Amino acid sequence: MWIFRITSALIFLTSIVLSVPLGFDVGGRTCGLAFSLSLATFYFWYSVLRLATPDKSRFRYALVRAIGLTQWIILPSLLIWSLNRFSVDADNSSGWVERTFSGKRAQDTSLREWIFGPDGLVEALTIGTWDKLLRWSTPVFQLVEGFCSLLVIQAAGQITRWLVNRGGRSDSWMIGLLVMSASIISSSVYFLWRVMQFPQIGNVDATLIGITITCAVFLGAWGIGSGKGNPVESSLLFAYIVLCIYQIFTDYQPSHPLDPMPPPPQAADFPPFPPIIMASYTTLIHVLSTLPSTIHGGFNFIIAALSTITPSVIISLAYRFFVLYASTRIIPAVRESGARALSQEASLEDSDGAGQILGLLSWFSPSILITVYTSLLMQHFASTSSEGGGGEWWTSQGGDAGGNLWRWINVAGTMALYALELYLGKEDDGTLTGHWKAD
(Lines give C-alpha, C1' and ligand atoms only; values in the text may rest on other atoms or scores of the structure.)
Protein backbone atom coordinates (compact mmCIF):
# COMPACT_ATOMS: atom_id res chain seq x y z
CA MET A 1 0.00 0.00 0.00
CA TRP A 2 2.81 2.43 0.81
CA ILE A 3 4.23 1.89 -2.68
CA PHE A 4 1.03 3.21 -4.24
CA ARG A 5 1.04 6.18 -1.86
CA ILE A 6 4.62 7.07 -2.78
CA THR A 7 3.90 6.64 -6.49
CA SER A 8 0.77 8.79 -6.27
CA ALA A 9 2.67 11.49 -4.34
CA LEU A 10 5.46 11.52 -6.94
CA ILE A 11 2.97 11.79 -9.79
CA PHE A 12 1.20 14.64 -7.99
CA LEU A 13 4.45 16.52 -7.37
CA THR A 14 5.58 16.03 -10.97
CA SER A 15 2.28 17.22 -12.39
CA ILE A 16 2.23 20.33 -10.20
CA VAL A 17 5.87 21.17 -10.87
CA LEU A 18 5.37 20.83 -14.63
CA SER A 19 1.93 22.38 -15.08
CA VAL A 20 2.06 25.59 -13.01
CA PRO A 21 5.09 27.18 -14.76
CA LEU A 22 3.66 25.97 -18.08
CA GLY A 23 0.53 28.01 -17.39
CA PHE A 24 2.64 31.12 -16.75
CA ASP A 25 4.89 30.52 -19.75
CA VAL A 26 2.19 29.75 -22.33
CA GLY A 27 -0.81 31.71 -21.12
CA GLY A 28 0.82 34.62 -19.33
CA ARG A 29 0.62 35.99 -15.82
CA THR A 30 -3.17 36.01 -15.45
CA CYS A 31 -3.47 32.49 -16.85
CA GLY A 32 -0.86 31.16 -14.43
CA LEU A 33 -2.56 32.83 -11.48
CA ALA A 34 -5.97 31.51 -12.52
CA PHE A 35 -4.63 27.97 -12.94
CA SER A 36 -2.84 27.95 -9.59
CA LEU A 37 -5.94 29.42 -7.89
CA SER A 38 -8.19 26.75 -9.40
CA LEU A 39 -5.75 24.02 -8.33
CA ALA A 40 -5.44 25.35 -4.78
CA THR A 41 -9.22 25.70 -4.49
CA PHE A 42 -9.85 22.18 -5.79
CA TYR A 43 -7.38 20.57 -3.42
CA PHE A 44 -8.61 22.71 -0.51
CA TRP A 45 -12.18 21.46 -0.84
CA TYR A 46 -10.93 17.95 -1.53
CA SER A 47 -8.98 18.08 1.74
CA VAL A 48 -12.04 19.44 3.56
CA LEU A 49 -14.11 16.54 2.20
CA ARG A 50 -11.48 14.02 3.30
CA LEU A 51 -11.27 15.61 6.74
CA ALA A 52 -15.06 15.65 7.19
CA THR A 53 -15.58 12.07 6.02
CA PRO A 54 -16.06 9.68 8.97
CA ASP A 55 -14.76 6.14 8.84
CA LYS A 56 -18.26 4.65 8.82
CA SER A 57 -19.63 6.72 5.93
CA ARG A 58 -19.42 4.48 2.86
CA PHE A 59 -20.96 7.00 0.49
CA ARG A 60 -18.60 9.85 1.32
CA TYR A 61 -15.65 7.46 1.39
CA ALA A 62 -16.57 6.27 -2.11
CA LEU A 63 -16.94 9.92 -3.20
CA VAL A 64 -13.48 10.76 -1.85
CA ARG A 65 -11.98 7.77 -3.64
CA ALA A 66 -13.71 8.73 -6.88
CA ILE A 67 -12.43 12.31 -6.71
CA GLY A 68 -8.94 11.04 -5.87
CA LEU A 69 -8.97 8.80 -8.95
CA THR A 70 -10.27 11.53 -11.27
CA GLN A 71 -7.85 14.24 -10.12
CA TRP A 72 -5.45 13.24 -12.90
CA ILE A 73 -8.20 14.20 -15.36
CA ILE A 74 -9.25 17.33 -13.47
CA LEU A 75 -5.73 18.78 -13.39
CA PRO A 76 -5.16 18.92 -17.20
CA SER A 77 -8.78 20.01 -17.63
CA LEU A 78 -8.16 23.01 -15.36
CA LEU A 79 -4.99 23.84 -17.30
CA ILE A 80 -6.81 23.71 -20.64
CA TRP A 81 -9.65 25.82 -19.22
CA SER A 82 -7.21 28.42 -17.89
CA LEU A 83 -5.33 28.60 -21.19
CA ASN A 84 -8.59 28.91 -23.12
CA ARG A 85 -10.03 31.71 -20.98
CA PHE A 86 -7.13 33.65 -19.50
CA SER A 87 -4.41 33.54 -22.16
CA VAL A 88 -2.65 36.85 -22.62
CA ASP A 89 -3.96 39.16 -25.33
CA ALA A 90 -3.72 42.76 -26.33
CA ASP A 91 -6.25 43.89 -23.74
CA ASN A 92 -4.63 42.19 -20.76
CA SER A 93 -1.68 44.55 -20.39
CA SER A 94 -3.32 46.65 -17.66
CA GLY A 95 -4.08 45.65 -14.11
CA TRP A 96 -7.22 43.85 -13.03
CA VAL A 97 -8.66 46.96 -11.35
CA GLU A 98 -8.29 49.05 -14.50
CA ARG A 99 -9.76 46.32 -16.68
CA THR A 100 -12.80 46.01 -14.42
CA PHE A 101 -13.70 49.59 -13.48
CA SER A 102 -12.37 51.55 -16.46
CA GLY A 103 -14.47 52.88 -19.31
CA LYS A 104 -13.51 49.88 -21.44
CA ARG A 105 -16.23 47.92 -19.64
CA ALA A 106 -18.82 50.07 -21.39
CA GLN A 107 -18.72 47.61 -24.29
CA ASP A 108 -20.46 44.98 -22.12
CA THR A 109 -24.05 44.52 -23.20
CA SER A 110 -25.50 43.40 -19.86
CA LEU A 111 -24.90 43.45 -16.13
CA ARG A 112 -24.36 39.68 -16.18
CA GLU A 113 -21.48 40.05 -18.64
CA TRP A 114 -19.95 42.85 -16.55
CA ILE A 115 -20.02 40.62 -13.45
CA PHE A 116 -19.45 37.12 -14.82
CA GLY A 117 -18.00 37.76 -18.27
CA PRO A 118 -14.34 37.87 -19.34
CA ASP A 119 -12.40 40.37 -17.19
CA GLY A 120 -15.58 40.81 -15.16
CA LEU A 121 -15.97 41.68 -11.51
CA VAL A 122 -15.93 38.10 -10.22
CA GLU A 123 -12.84 37.20 -12.22
CA ALA A 124 -11.06 40.37 -11.16
CA LEU A 125 -11.86 39.93 -7.48
CA THR A 126 -10.84 36.27 -7.32
CA ILE A 127 -7.62 36.50 -9.33
CA GLY A 128 -6.79 39.93 -7.94
CA THR A 129 -7.23 38.71 -4.36
CA TRP A 130 -5.13 35.62 -5.11
CA ASP A 131 -2.43 37.85 -6.59
CA LYS A 132 -2.37 40.08 -3.52
CA LEU A 133 -2.35 37.08 -1.19
CA LEU A 134 0.67 35.57 -2.96
CA ARG A 135 2.54 38.88 -2.87
CA TRP A 136 1.90 39.40 0.84
CA SER A 137 2.71 35.79 1.69
CA THR A 138 6.21 35.95 0.13
CA PRO A 139 7.86 37.54 3.21
CA VAL A 140 5.95 35.17 5.49
CA PHE A 141 7.17 32.08 3.61
CA GLN A 142 10.70 33.47 3.53
CA LEU A 143 10.85 34.14 7.27
CA VAL A 144 9.22 30.81 8.11
CA GLU A 145 11.87 29.08 6.00
CA GLY A 146 14.62 30.78 8.01
CA PHE A 147 13.00 29.89 11.34
CA CYS A 148 12.48 26.24 10.34
CA SER A 149 16.03 26.03 8.99
CA LEU A 150 17.39 27.28 12.30
CA LEU A 151 15.21 24.75 14.10
CA VAL A 152 16.56 21.92 11.96
CA ILE A 153 20.15 23.14 12.47
CA GLN A 154 19.80 23.20 16.25
CA ALA A 155 18.09 19.80 16.27
CA ALA A 156 20.95 18.37 14.20
CA GLY A 157 23.44 19.89 16.64
CA GLN A 158 21.72 18.33 19.66
CA ILE A 159 21.44 14.92 18.00
CA THR A 160 25.13 14.90 17.08
CA ARG A 161 26.04 16.03 20.61
CA TRP A 162 24.02 13.11 22.00
CA LEU A 163 25.78 10.69 19.63
CA VAL A 164 29.18 11.87 20.85
CA ASN A 165 28.32 11.89 24.57
CA ARG A 166 26.40 8.64 24.83
CA GLY A 167 29.54 6.52 25.17
CA GLY A 168 30.70 3.56 23.13
CA ARG A 169 32.01 4.78 19.80
CA SER A 170 32.10 8.42 20.79
CA ASP A 171 35.58 8.97 19.32
CA SER A 172 34.52 7.53 15.97
CA TRP A 173 31.42 9.69 15.95
CA MET A 174 33.47 12.77 16.82
CA ILE A 175 35.97 12.21 14.00
CA GLY A 176 33.24 11.44 11.49
CA LEU A 177 31.21 14.51 12.43
CA LEU A 178 34.29 16.73 12.24
CA VAL A 179 35.02 15.41 8.75
CA MET A 180 31.41 16.01 7.74
CA SER A 181 31.47 19.56 9.12
CA ALA A 182 34.72 20.30 7.30
CA SER A 183 33.22 18.96 4.06
CA ILE A 184 30.14 21.16 4.46
CA ILE A 185 32.27 24.25 5.09
CA SER A 186 34.55 23.47 2.15
CA SER A 187 31.60 23.04 -0.20
CA SER A 188 30.07 26.28 1.06
CA VAL A 189 33.32 28.16 0.50
CA TYR A 190 33.46 26.83 -3.06
CA PHE A 191 29.95 28.08 -3.84
CA LEU A 192 30.74 31.37 -2.13
CA TRP A 193 33.75 31.71 -4.43
CA ARG A 194 31.46 31.05 -7.40
CA VAL A 195 29.13 33.81 -6.23
CA MET A 196 32.01 36.28 -6.12
CA GLN A 197 32.82 35.47 -9.78
CA PHE A 198 29.42 36.61 -11.03
CA PRO A 199 29.71 39.73 -13.22
CA GLN A 200 26.62 41.39 -11.66
CA ILE A 201 28.24 41.61 -8.19
CA GLY A 202 28.75 45.31 -7.41
CA ASN A 203 30.38 47.16 -4.54
CA VAL A 204 27.22 47.21 -2.44
CA ASP A 205 26.62 43.51 -3.03
CA ALA A 206 30.20 42.65 -2.13
CA THR A 207 29.91 44.69 1.07
CA LEU A 208 26.69 42.93 2.09
CA ILE A 209 28.23 39.53 1.37
CA GLY A 210 31.32 40.37 3.41
CA ILE A 211 29.28 41.56 6.40
CA THR A 212 27.03 38.49 6.22
CA ILE A 213 29.88 35.98 6.01
CA THR A 214 31.77 37.73 8.82
CA CYS A 215 28.73 37.55 11.10
CA ALA A 216 28.17 33.87 10.22
CA VAL A 217 31.79 32.98 11.02
CA PHE A 218 31.65 34.95 14.27
CA LEU A 219 28.43 33.22 15.36
CA GLY A 220 29.87 29.79 14.55
CA ALA A 221 33.03 30.50 16.54
CA TRP A 222 30.97 31.90 19.42
CA GLY A 223 28.81 28.78 19.56
CA ILE A 224 31.76 26.39 19.53
CA GLY A 225 33.81 28.43 22.00
CA SER A 226 30.99 28.90 24.50
CA GLY A 227 29.96 25.23 24.39
CA LYS A 228 26.37 26.18 23.45
CA GLY A 229 26.91 25.03 19.88
CA ASN A 230 29.11 22.55 18.07
CA PRO A 231 30.90 22.24 14.70
CA VAL A 232 27.86 20.65 13.04
CA GLU A 233 25.60 23.56 13.99
CA SER A 234 28.18 26.10 12.87
CA SER A 235 28.82 24.38 9.53
CA LEU A 236 25.11 24.01 8.77
CA LEU A 237 24.43 27.65 9.67
CA PHE A 238 27.27 28.76 7.41
CA ALA A 239 25.97 26.52 4.60
CA TYR A 240 22.46 27.95 4.89
CA ILE A 241 23.75 31.52 4.76
CA VAL A 242 25.76 30.70 1.64
CA LEU A 243 22.70 29.02 0.12
CA CYS A 244 20.65 32.19 0.66
CA ILE A 245 23.39 34.33 -0.89
CA TYR A 246 23.68 31.94 -3.82
CA GLN A 247 19.92 32.11 -4.42
CA ILE A 248 20.01 35.89 -4.35
CA PHE A 249 22.60 36.27 -7.08
CA THR A 250 22.07 33.32 -9.39
CA ASP A 251 19.37 31.29 -11.09
CA TYR A 252 21.48 28.09 -11.13
CA GLN A 253 22.13 28.75 -14.80
CA PRO A 254 25.43 29.53 -16.61
CA SER A 255 26.44 33.17 -16.17
CA HIS A 256 27.65 33.41 -19.78
CA PRO A 257 25.94 32.12 -22.93
CA LEU A 258 26.96 28.69 -23.98
CA ASP A 259 29.35 28.29 -26.88
CA PRO A 260 27.68 27.44 -30.19
CA MET A 261 27.59 23.76 -30.98
CA PRO A 262 30.25 22.60 -33.44
CA PRO A 263 29.06 21.41 -36.84
CA PRO A 264 28.30 17.70 -37.05
CA PRO A 265 31.19 15.57 -38.29
CA GLN A 266 31.16 14.21 -41.79
CA ALA A 267 29.99 10.67 -42.28
CA ALA A 268 32.84 8.17 -42.31
CA ASP A 269 33.44 5.68 -45.07
CA PHE A 270 32.91 2.80 -42.67
CA PRO A 271 30.21 2.61 -39.96
CA PRO A 272 31.52 3.15 -36.41
CA PHE A 273 29.81 -0.05 -35.17
CA PRO A 274 29.38 -3.54 -36.56
CA PRO A 275 26.63 -3.96 -39.19
CA ILE A 276 24.30 -5.86 -36.85
CA ILE A 277 24.30 -2.97 -34.36
CA MET A 278 23.82 -0.36 -37.09
CA ALA A 279 20.93 -2.39 -38.55
CA SER A 280 19.27 -2.60 -35.15
CA TYR A 281 19.71 1.13 -34.62
CA THR A 282 18.22 1.90 -38.04
CA THR A 283 15.27 -0.38 -37.33
CA LEU A 284 14.66 1.30 -33.96
CA ILE A 285 14.70 4.77 -35.53
CA HIS A 286 12.28 3.62 -38.20
CA VAL A 287 9.90 2.17 -35.58
CA LEU A 288 9.99 5.38 -33.58
CA SER A 289 9.28 7.44 -36.69
CA THR A 290 6.16 5.37 -37.39
CA LEU A 291 4.64 6.00 -33.96
CA PRO A 292 1.37 7.96 -33.91
CA SER A 293 1.65 11.70 -33.99
CA THR A 294 -0.10 11.83 -30.58
CA ILE A 295 2.91 10.17 -28.94
CA HIS A 296 5.28 12.60 -30.66
CA GLY A 297 3.09 15.49 -29.56
CA GLY A 298 3.06 14.21 -25.97
CA PHE A 299 6.83 13.84 -25.98
CA ASN A 300 7.25 17.38 -27.34
CA PHE A 301 4.82 18.64 -24.69
CA ILE A 302 6.87 17.05 -21.90
CA ILE A 303 10.07 18.57 -23.30
CA ALA A 304 8.42 22.01 -23.48
CA ALA A 305 7.12 21.67 -19.93
CA LEU A 306 10.55 20.69 -18.63
CA SER A 307 12.11 23.69 -20.37
CA THR A 308 9.86 26.06 -18.40
CA ILE A 309 11.06 24.79 -15.01
CA THR A 310 13.50 27.09 -13.25
CA PRO A 311 16.18 25.20 -11.27
CA SER A 312 16.34 27.86 -8.56
CA VAL A 313 12.60 27.60 -7.91
CA ILE A 314 12.68 23.79 -7.76
CA ILE A 315 15.65 23.76 -5.37
CA SER A 316 14.04 26.43 -3.18
CA LEU A 317 10.75 24.51 -3.15
CA ALA A 318 12.42 21.20 -2.26
CA TYR A 319 14.50 22.79 0.51
CA ARG A 320 11.57 24.78 1.89
CA PHE A 321 9.32 21.75 2.15
CA PHE A 322 12.12 19.66 3.63
CA VAL A 323 12.64 22.08 6.51
CA LEU A 324 8.87 22.54 6.98
CA TYR A 325 8.32 18.79 7.14
CA ALA A 326 11.31 18.31 9.46
CA SER A 327 9.91 21.03 11.74
CA THR A 328 6.61 19.16 12.05
CA ARG A 329 8.60 16.25 13.49
CA ILE A 330 10.96 18.34 15.63
CA ILE A 331 8.44 20.60 17.38
CA PRO A 332 6.53 17.74 19.13
CA ALA A 333 9.86 16.12 20.03
CA VAL A 334 11.06 19.34 21.66
CA ARG A 335 7.86 19.78 23.66
CA GLU A 336 7.35 16.42 25.32
CA SER A 337 7.80 13.21 23.38
CA GLY A 338 11.52 13.07 22.73
CA ALA A 339 12.85 10.63 20.16
CA ARG A 340 9.50 8.88 19.74
CA ALA A 341 7.95 11.94 18.10
CA LEU A 342 10.60 12.00 15.38
CA SER A 343 9.18 8.76 13.97
CA GLN A 344 5.52 9.83 14.23
CA GLU A 345 3.55 12.29 12.17
CA ALA A 346 1.50 14.99 13.86
CA SER A 347 -2.26 14.36 13.84
CA LEU A 348 -5.50 15.88 15.09
CA GLU A 349 -5.67 13.25 17.82
CA ASP A 350 -2.58 14.57 19.61
CA SER A 351 -3.11 15.92 23.11
CA ASP A 352 -0.73 18.79 22.40
CA GLY A 353 -2.19 21.88 20.77
CA ALA A 354 0.87 22.38 18.57
CA GLY A 355 0.60 18.80 17.32
CA GLN A 356 -3.07 19.32 16.46
CA ILE A 357 -2.28 22.47 14.48
CA LEU A 358 0.50 20.70 12.59
CA GLY A 359 -1.78 17.76 11.97
CA LEU A 360 -4.46 20.08 10.56
CA LEU A 361 -1.93 21.73 8.27
CA SER A 362 -0.80 18.33 7.00
CA TRP A 363 -4.33 17.67 5.70
CA PHE A 364 -4.08 20.79 3.52
CA SER A 365 -0.52 20.15 2.33
CA PRO A 366 -1.47 20.01 -1.40
CA SER A 367 -2.96 23.52 -1.30
CA ILE A 368 0.01 24.77 0.73
CA LEU A 369 2.40 23.23 -1.81
CA ILE A 370 0.65 24.98 -4.71
CA THR A 371 0.62 28.30 -2.84
CA VAL A 372 4.31 28.13 -1.91
CA TYR A 373 5.30 27.03 -5.43
CA THR A 374 3.33 29.83 -7.09
CA SER A 375 4.79 32.36 -4.65
CA LEU A 376 8.31 31.18 -5.50
CA LEU A 377 7.57 31.45 -9.23
CA MET A 378 6.28 35.00 -8.80
CA GLN A 379 9.32 35.91 -6.71
CA HIS A 380 11.56 34.51 -9.45
CA PHE A 381 9.77 36.43 -12.21
CA ALA A 382 9.89 39.65 -10.17
CA SER A 383 13.64 39.22 -9.54
CA THR A 384 14.42 38.58 -13.21
CA SER A 385 12.33 41.60 -14.20
CA SER A 386 14.18 43.90 -11.79
CA GLU A 387 17.53 42.64 -13.12
CA GLY A 388 16.50 43.00 -16.77
CA GLY A 389 17.21 39.32 -17.38
CA GLY A 390 14.46 38.45 -19.84
CA GLY A 391 11.59 39.01 -17.42
CA GLU A 392 10.11 42.09 -19.10
CA TRP A 393 6.93 40.16 -19.93
CA TRP A 394 6.18 39.96 -16.20
CA THR A 395 6.11 43.73 -15.64
CA SER A 396 4.31 44.33 -18.94
CA GLN A 397 1.43 42.17 -17.65
CA GLY A 398 1.09 43.97 -14.31
CA GLY A 399 3.65 42.10 -12.20
CA ASP A 400 5.92 43.70 -9.64
CA ALA A 401 9.57 44.26 -10.43
CA GLY A 402 10.66 43.36 -6.91
CA GLY A 403 14.10 42.37 -5.81
CA ASN A 404 15.58 40.11 -3.15
CA LEU A 405 14.96 42.36 -0.16
CA TRP A 406 13.16 39.70 1.85
CA ARG A 407 15.94 37.19 1.26
CA TRP A 408 18.38 39.60 2.88
CA ILE A 409 15.94 40.21 5.72
CA ASN A 410 15.64 36.45 6.19
CA VAL A 411 19.43 36.10 6.38
CA ALA A 412 19.72 38.89 8.95
CA GLY A 413 16.78 37.59 10.97
CA THR A 414 18.10 34.02 11.04
CA MET A 415 21.51 35.09 12.31
CA ALA A 416 19.96 37.47 14.86
CA LEU A 417 17.72 34.69 16.18
CA TYR A 418 20.66 32.30 16.42
CA ALA A 419 22.70 34.94 18.27
CA LEU A 420 19.79 35.37 20.69
CA GLU A 421 19.66 31.60 21.23
CA LEU A 422 23.38 31.55 22.00
CA TYR A 423 23.04 34.49 24.38
CA LEU A 424 20.06 33.11 26.33
CA GLY A 425 20.75 29.40 25.99
CA LYS A 426 22.50 27.17 28.49
CA GLU A 427 25.61 25.16 27.85
CA ASP A 428 24.82 21.66 26.56
CA ASP A 429 21.06 22.30 26.62
CA GLY A 430 19.65 18.94 25.57
CA THR A 431 16.07 20.07 25.03
CA LEU A 432 15.49 17.57 22.24
CA THR A 433 17.69 14.71 23.47
CA GLY A 434 16.88 15.05 27.14
CA HIS A 435 14.22 12.35 26.73
CA TRP A 436 16.66 9.93 25.12
CA LYS A 437 18.34 7.10 26.87
CA ALA A 438 22.13 7.17 27.08
CA ASP A 439 24.09 4.06 28.09
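A crossing of two helices is called left-handed if the near helix is turned anticlockwise from the far one by less than a right angle. Keep that wording at hand for the last part of this tour, and remember throughout that the structure on your screen is a predicted model.

**Stop one: a network of charged side chains**

Begin by selecting R29, D131 and R135, and show their side chains, since these residues are linked in a network of salt bridges. Look first at D131 and R29, whose side chains meet in a salt bridge with a distance of 2.4 Å from N to O. Colour the two helices involved, and you will see that this pair links distant parts of the chain, with D131 in helix α6, which covers residues 121-165, and R29 in helix α2, which covers residues 29-52, the two residues being 102 residues apart. Both D131 and R29 are buried.

Now move to R135, whose side chain meets that of D131 in a salt bridge of 3.1 Å, again given from N to O. Here the partners both belong to helix α6, where they are four residues apart, or about one turn of the helix. Which of the words buried and partly exposed fits D131, and which fits R135? Buried means under 20% relative accessible area, so D131, with a value of 3%, is buried, whereas R135, with a relative accessible area of 24%, is partly exposed.

**Stop two: another salt bridge on helix α6**

The structure holds three salt bridges, and to find one that you have not yet visited, select E145 and R320, whose closest N and O atoms are 2.8 Å apart. This pair, too, links distant parts of the chain, because E145 lies in helix α6 and R320 in helix α12, residues 311-337, with their positions 175 residues apart in the numbering. Both E145 and R320 are buried.

**Stop three: two helices side by side**

Finally, select helix α7, residues 170-196, together with helix α9, residues 231-249, and turn the view until you can follow both axes, which are 9 Å apart and meet at an angle of about 20°. Angles under 35 degrees count as roughly parallel, and α7 and α9 are therefore roughly parallel to each other. Their crossing is left-handed, in the sense given at the start. To see the contact itself, show side chains including L177, I184, F191 and R194 of α7, and P231, F238, V242 and F249 of α9. Sorted by class, the contact of α7 with α9 has 18 nonpolar, three polar and one charged residues.

Definitions and conventions. Residues are numbered from 1 along each chain as its sequence is written. This is a predicted model: local features need pLDDT of at least 70, side-chain atom pairs count only at pLDDT 80 or more; totals for chains, interfaces and linings use all residues. Side-chain values use heavy atoms; hydrogens and water are left out. A salt bridge is a side-chain nitrogen of Lys or Arg within 4 Å of a carboxyl oxygen of Asp or Glu. Buried means under 20% relative accessible area, exposed over 50%, partly exposed in between (1.4 Å probe, protein chains only). Axes are lines fitted to C-alpha atoms, for helices over the stretch in contact, and angles run from 0 to 180 degrees between N-to-C directions. Angles under 35 degrees count as roughly parallel, over 145 as roughly antiparallel, 65 to 115 as roughly perpendicular and the rest as oblique. Contact means heavy atoms within 4.5 Å. Ala, Val, Leu, Ile, Met, Phe, Trp, Tyr, Cys and Pro count as nonpolar, Asp, Glu, Lys and Arg as charged, and the others, Gly among them, as polar.
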